[in-house]
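Here is a protein model to look through. The questions below take it piece by piece.

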Amino acid sequence: MNEDLIVAVASGKGGTGKTTVAVNMAAALSRAQFSVRLVDCDVEEPNAHIFLKTVMTSRESAVVPVPVVDEEKCDGCGKCGDVCRFSAIIALGTKAITFPALCHGCGGCVMACPKKAITESSREIGAIEKGVSQGIEFIQGYLKIGEAMSPPLIRAVKKQAVGDGVTIIDAPPGTSCPVIQAIRGSDYVILVTEPTPFGLHDLDLAVETVRQIGIPFGVVVNRAGIGDARTHDYCAVQDIPIIGEIRDDRRIAEAYSRGELVIDALPQLGKEFLGIFGRAASGARKREDDPQ
Amino acid sequence: MKELVVISGKGGTGKTSIVAAFAALAASKVLADCDVDAADLHLVLDPNIRQREVFTGGSVARIKIEECERCDICRNLCRFDAIDDNFRIDEIACEGCGVCHDACQYGAIELATKTAGEWYISETRHGMMVHAKLGIAEENSGKLVSLVRTQARKIAAENRLELVIIDGSPGIGCPVIASMTGVDLALAVTEPTLSGIHDLERVAGLAKHFGNRLAVCVNKWDINPEMTGRIENWCRREGLAVAGKIAFDPIVTRAQIAGVSVIEYSSGSAALEIKKVWRRIAREMELENIA
């Protein structure tokens, strides 16, 4: 069976169960003979590999361009510093000095330098790893510790995810640039939440985010039963489909703690994850509607 | 004045519930919610906003289409694929670097400053609080975090308060780095799961990278006692203080639903254990006003 589709799993709040939904859905699909690819875009804290016990077969470093100043040619005119909007290069009557951690790699300083004293080299910001597990093609990014900017790495990871079949993207938490970078270009977004005030508040932020990007989405309520009814009321009022519910169950929490798949610990839940995927697939936008 | 940041690596380990409890326990403090991406502390502390300010982040390019000659130079130079075939700017992809603006020979591209969010100074029943809301899909969260911290330190200095308690964000990227540089102590709240350990190791690496002192607290420790033991042993080997462990308790969620901290909601075991963690942190930071 085959179905070309990109489904991103996201949430505003962290720890609601994104990775649980992503890995169990991927494994359930793989066991049902789908061709599946899992892309872990939570590059700050990638965890999907723990559950899939993936054996990595390749690792390459991810780099961003940074300026290098040829001190022989630089006359300290300061034009580079004038054009840089990120304070990543300055020249105060001396030779230009760079601050690579602040650089966005736009290349503006290279163009601005009248002496052609600036060239670009690359700086490693993390790694991209690939592997296979349980028939699932696996790709993940690992942000280097101390590195602030994850979006360029997320972009590089997603570029590796090409080919037919189902692609499941495990997104980072939040609502800002790393999340946007992870979910853009997807056909459907699954927002995982828990029925608590924090979960609901951050779900609302995530809903605004996905609506702004214009991707169809639905909600999975994880740990159903722990909180109150406000999340369900919210979804009803906002006309947001609840495409799955995973009951609160200590056995799930314990299996998770050991790094096991829920569908191995509680095989009866395999159907639930296939159902979530099925509802996502039928709610997804069709590619021909997509100008990108 | 001292600064304590509560971080976790992995999301959802209980940072905000613990910060809210510390808010109820600490005597002389200002609160700073630096999880500007998905701030939740206000749901418990019910702030009265006293001052509201606009946060302007970076820039965004705008093409004045009537002046555009469609020469394609901007499209060739843009490294973020932010200009489409019809010379429309994708504001989400645009980094605001200004390369297109500088290169356009027709003056058809302007750089506009983006309103990227708001920040607030508020009063709560547990003292002053500085918090913020980053606009949807915005960048520059690190800059907003730094702003919130600066304001909180200012309030602490003006009011001779001893401590700034910072609620951090998950991960190890830009907002986390901005929330922890130069603090006196970072408390990592973790959970006894393989993911929790993996993420704790990375956040501990980050603390080491920036020379921060780190203490660790294991939340919901009884979900997997063996894993909790592994975390405690690991902390000992790494020379990190174990600030305590808190058993799983449905009271924590019930307190959240009631809109109060665990300390105010109950005097049960979770509340007692958090009090112990707080005392340990206060000793570790050599605070004078413990409660």
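Q: At about what angle does helix α11 of chain A run to β11(A)?
A: This is a predicted model, in which local features need pLDDT of at least 70, side-chain atom pairs count only at pLDDT 80 or more, and totals for chains, interfaces and linings use all residues. Residues are numbered from 1 along each chain as its sequence is written, with chains lettered from A and ligands numbered from 1 in the order in which they are written. Helix α11 (residues 270–283) of chain A lies across β1, β9 (188–193), β10 (217–224) and β11 of chain A. Axes are lines fitted to C-alpha atoms, for helices over the stretch in contact (C-beta atoms, placed from the backbone, within 7 Å), and with angles running from 0 to 180 degrees between N-to-C directions, the value to β11(A) is about 165°.

Q: Which are the edge strands of the open sheet in chain A?
A: Nine strands (DSSP runs of E, at least two residues, numbered from the N terminus) make up this sheet, in the order β3-β6-β7-β2-β8-β1-β9-β10-β11 with mixed pairing. Two strands pair if DSSP finds at least two bridges between them. An edge strand here pairs on one side only. The edge strands of chain A are β3 (55–69) and β11 (242–247).

Q: Which residue of β8(A) is the bridge partner of Val7(A)?
A: Strands β1 (residues 5–10) and β8 (residues 166–170) of chain A run parallel, joined by five bridges. In β8(A), the partner of Val7(A) is Ile168(A).

Q: Which helix supplies the largest share of the side of chain A that touches chain B?
A: In all, 50 residues of chain A are in contact with 49 residues of chain B. Four helices (DSSP runs of H or I, at least four residues) of chain A each supply at least two residues of that side: α4 (108–112), α6 (177–183), α9 (250–257) and α7 (197–213). The largest share, eight residues, comes from α7(A).

Q: Why does the span of helix α7 of chain B agree with what is expected?
A: The expected span is 1.5 Å times one less than the number of residues. Helix α7 (residues 194–209) of chain B has 16 residues, so it should span 22 Å. That agrees, because its end C-alpha atoms are 23 Å apart.

Q: How far apart are the C-alpha centres of the two domains of chain B?
A: An automatic or database assignment sets the domain bounds. Chain B is divided into domain 1 (2–46 + 125–284) and domain 2 (58–115). The distance between their C-alpha centres is 41 Å.

Notes: Contact = placed C-beta atoms within 7 Å.
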